[in-house]
Amino acid sequence: MPIALAAESEQLAWRGPVYILAGFAGIIALALVLVQPLLIGGVLPGMSAYRSRRAHHWIGGALAVAVVIHVAGLWFTSPPDMIDALTFSSPTPFSPFGVIAMWAIFAVALLASLRRRLGLRLRTWRIVHIPLAIVIVVGGVVHCLLIEGTMETISKAVLCAAVLAATAKVMADLWRKRTLRAERA
């Protein structure tokens with residue numbers, strides 16, 4: 001829905017195709033962030049735990065690609081603005097949140113691709129991944145909410161609320177399961 005409503009934005013008339021592609025890659029990235037906790041929490045119907053984990057892995061890769069397209073497109077259309085954003089000297093309040101979320105996404109993607117080679121056990125992986133996931137979610141949501149652009153206000157707010165709610169629910173469920181296991185041991 002946010003993508004369809006953004007496609008109807010009057011602001012697109014003044015933008016070039018690369019900038020539009022970059023903007024829509026950002027919207028898609030946030031939608032993928034919504035799917036990630038639902039997959040790992042096993043709350044999507046009809047998916048086994050194995051399939052959910054595999055989909056979480058592949059969608060994480062797609063998320064990283066969407067962010068690369070988002071940043072590369074914005075770099076192509078305005079290198080000075082991107083340099084300001086990446087060096088945390090941009091006057092726009094949304095830039096630092098997006099940059100921090102971007103680096104957290106890249107860190108997760110890199111660690112996920114090297115996890116077996118590094119010998120990271122599942123417990124260690126979770127200790128690293130969960131805080132980075134929180135940074136991704138909070139940074140991405142704040143970044144999105146602070147931008148006044150092509151996304152329609154209500155659908156943007158609903159998408160951001162859904163991302164926060166899904167992440168909070170799944171993290172609370174995982175915490176509850178871990179606490180129950182610890183009490184039994």
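Helices here (H or I, at least four residues) and strands (E, at least two) are DSSP runs, numbered from the N terminus. The model is a predicted one, in which local features need pLDDT of at least 70 and side-chain atom pairs count only at pLDDT 80 or more, while totals for chains, interfaces and linings use all residues. Residues are numbered from 1 along each chain as its sequence is written, and side-chain values use heavy atoms, with hydrogens and water left out.

A good place to start is Phe97, which sits in helix α5. Its relative accessible area is 33%, and Phe97 is therefore classed as partly exposed, on a scale where buried means under 20%, exposed means over 50% and partly exposed lies in between (1.4 Å probe, protein chains only). Contacts, meaning heavy atoms within 4.5 Å, link Phe97 to Gly139, Val142, His143 and Leu146 once neighbours within four places in sequence are set aside. For the pair Phe97 and His143, a separation of 46 residues in sequence goes with 5.1 Å in space, C-alpha to C-alpha.

Two buried residues come next. His56 belongs to helix α3, which spans residues 49-77, and counts as buried because its relative accessibility is 16%. Beyond its neighbours within four places in sequence, His56 touches Gln36, Leu39, Ile40 and His129. Ser155, in helix α7, is likewise buried, with a relative accessible area of 8%. With neighbours within four places again left aside, the contacts of Ser155 are Pro2 and Leu5.

Helix α7 also carries salt bridges, each defined as a side-chain nitrogen of Lys or Arg within 4 Å of a carboxyl oxygen of Asp or Glu. By this rule the model holds 2 salt bridges. In one, the side chains of Lys169 and Asp173 come together at 2.5 Å, N to O; these two residues of α7 are 4 residues apart, about one turn of the helix. In the other, Arg176 pairs with Asp173 at 2.6 Å, N to O, and here the spacing within α7 is 3 residues, again about one turn of the helix. Shared partners thus join Lys169, Asp173 and Arg176 into one network. Lys169 is partly exposed, at 45% relative accessible area, and Arg176 is partly exposed too, at 47%.

The surface offers patches as well. These are made of residues with over 30% relative accessible area and no salt bridge, with like charges joined within 9 Å and nonpolar side chains (Val, Leu, Ile, Met, Phe, Trp, Tyr) joined within 5 Å. For charge, Lys and Arg count as positive and Asp and Glu as negative, whereas His and the chain ends are not counted; each charge is placed at NZ of Lys, CZ of Arg, CG of Asp or CD of Glu. A positive patch brings together Arg53, Arg121, Arg123, Arg126, Lys177, Arg178, Arg181 and Arg184. The elements giving two or more residues to this patch are α6 (122-146) and α7 (153-184), and α7 gives the most, with 4 residues. Arg121 comes from the loop between α5 (95-118) and α6 and is exposed, with a relative accessible area of 64%.

A nonpolar surface patch is formed by Leu21, Val65 and Ile69, with about 260 Å² of accessible area together; such areas come from the Shrake-Rupley method with a 1.4 Å probe, and for residues only the protein chains shown count as cover. Leu21 is located in helix α2, residues 17-40, and its relative accessible area of 53% makes Leu21 exposed.
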